[in-house]
Amino acid sequence: MPRVNLKTGAIIEEREFISSTPEKELQKYVEKHLELFFQCFHLKSFYKIPGGEIDTLAITNKGMPCIIEFKHKVDDKIINQIVFYYDWLHERSTKYEFERIVKENERTSSLIVDWSEVRLITVAKEYSKWDISLIKHLDTNIECYAYSYHKDELDIHLDPIINQHKKNNISSASNLKRSNKTITLDDHREKMNQEFKLFFDDFRREVLSLADNIEEGFVPEYIKYVVNTTFLAVHIRKKWLILQLRVDTNTFQDPKNISKDISQRGWSVTRELKLDETTDFPAVMDLIKQAYQYQ
């Protein structure tokens, strides 16, 4: 899907990877930014196991094992593959092997592996009808992401089509426990390092001071700011925030061009930007104010 640069008016067409191995090129870019996309640390690429090869073996910053599979073209095997690898990871001998890999990695050696849940991620151009049919019947929770590639830009987002078919009655004990837990502000603040918590607290005060009718809510994935609808969703990272805004696409103005269009994802939020301590804070607040005024 093409994008429009609101500053210049130029159409930014979607591109294809020019490499002879586009799937590996996609994997290379995602692995380089695993913390940004999935809050994970990279452990191994193309990790061979009996009967297969895992594209990316990783661990989340909370210590959960993670498997990531990539497909450049539509392929009806991606869901089957990741379920097969999921079974492999639960074998007793495999757990010892995985924990050894974690300990030998300098960036993850201090993490304690949490086996209460394994994170399964697929990244594909699009999903086949076979994938959609299969995922309707799976109790295993699989995060199905789609990607788009534009000039100097890679966009990774939850695929709105296949994810709407995912089974709701996830049976694992960890998911039941998580769904029953009341999420609080402290749960989200724990995701940040100590220095960034102070920056976030200032940002949060600025948002709530926009008006008295703004309500703040907490769900596992993000913090939401609501008037009639959610006009701002804040996804917490260790040293930055991902902000998603619901705006009037006809009147929205971003003179500093610090946000990007995510309307193709089919969500109620249509603009996204990254906020850290180097971002133009007044410019960010101006965009948030526009989202608030649209409600």
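F199 is buried in this predicted model, with a relative accessible area of 15%. That value falls under the 20% cut-off, so F199 counts as buried. By the ring-pair rule, the count comes to twelve aromatic pairs. One of these brings F199 together with F281: the ring centres sit 6.1 Å apart and the planes make an angle of 80°, so the pair is edge-to-face. Since F199 belongs to helix α9 (residues 194–208) and F281 to helix α10, this pair ties together parts that are 82 residues apart in sequence. F281, for its part, has a relative accessibility of 23% and so counts as partly exposed.

F281 also pairs with F203, again edge-to-face, at 6.3 Å centre to centre and with 85° between the planes. F203 is likewise a residue of helix α9, so its pairing with F281 in helix α10 ties together parts that are 78 residues apart in sequence. At 0% relative accessibility, F203 counts as buried. Elsewhere, ring pairs link F17, Y29, Y147 and Y149 into a cluster.

Helix α10 brings the sheet into the picture. Spanning residues 281–293, helix α10 lies across β11, β12 (241–245) and β14 (271–275), and runs at about 35° to β12. The sheet itself is open and is formed by six strands, in the order β9-β10-β11-β12-β14-β13, with antiparallel pairing. At its edges are β9 (215–218) and β13 (260–261), each of which pairs on one side only. Further in, β10 (residues 223–226) and β11 (residues 230–236) pair in the antiparallel sense over four bridges. Within that pairing, I223 has V234 in β11 as its bridge partner.

A separate pairing involves β7 (residues 142–150) and β8 (residues 153–158), which run antiparallel to one another over six bridges. Here A146 finds its bridge partner in H157 of β8. The two strands, β7 and β8, make a hairpin with two residues between them, and in the turn D152 has a positive phi of about 60°. Two members of the aromatic cluster, Y147 and Y149, fall within the residue range of β7.

F17, another member of that cluster, turns up again among the contacts of E25. E25 sits in helix α1 (residues 22–32). Leaving aside residues up to four places away in sequence, E25 touches F17, I18 and S19. What makes E25 worth a look is its charge: E25 is buried yet has no salt bridge. The nearest side chain of opposite charge is K28, at 5.3 Å, whereas a salt bridge calls for a distance within 4 Å.

T94 offers another buried position, this time in helix α4 (residues 92–104). Its relative accessible area is 2%, so T94 counts as buried. With residues up to four places away in sequence not counted, T94 touches W88 and L89.

Terms used:
Residues numbered from 1 in each chain as written. Predicted model: local features only at pLDDT ≥ 70, side-chain atom pairs only at ≥ 80, totals over all residues. Heavy atoms only, no water. Pairing = 2+ DSSP bridges. Contact = heavy atoms within 4.5 Å. Axes fitted to C-alpha atoms, helices over the stretch in contact; angles between N-to-C directions. Buried < 20%, exposed > 50% of the residue type's maximum accessible area, 1.4 Å probe, protein only. Lys, Arg positive; Asp, Glu negative; His and termini not counted. Phe/Tyr/Trp six-rings, centres within 6.5 Å; stacked < 30°, edge-to-face > 60°.
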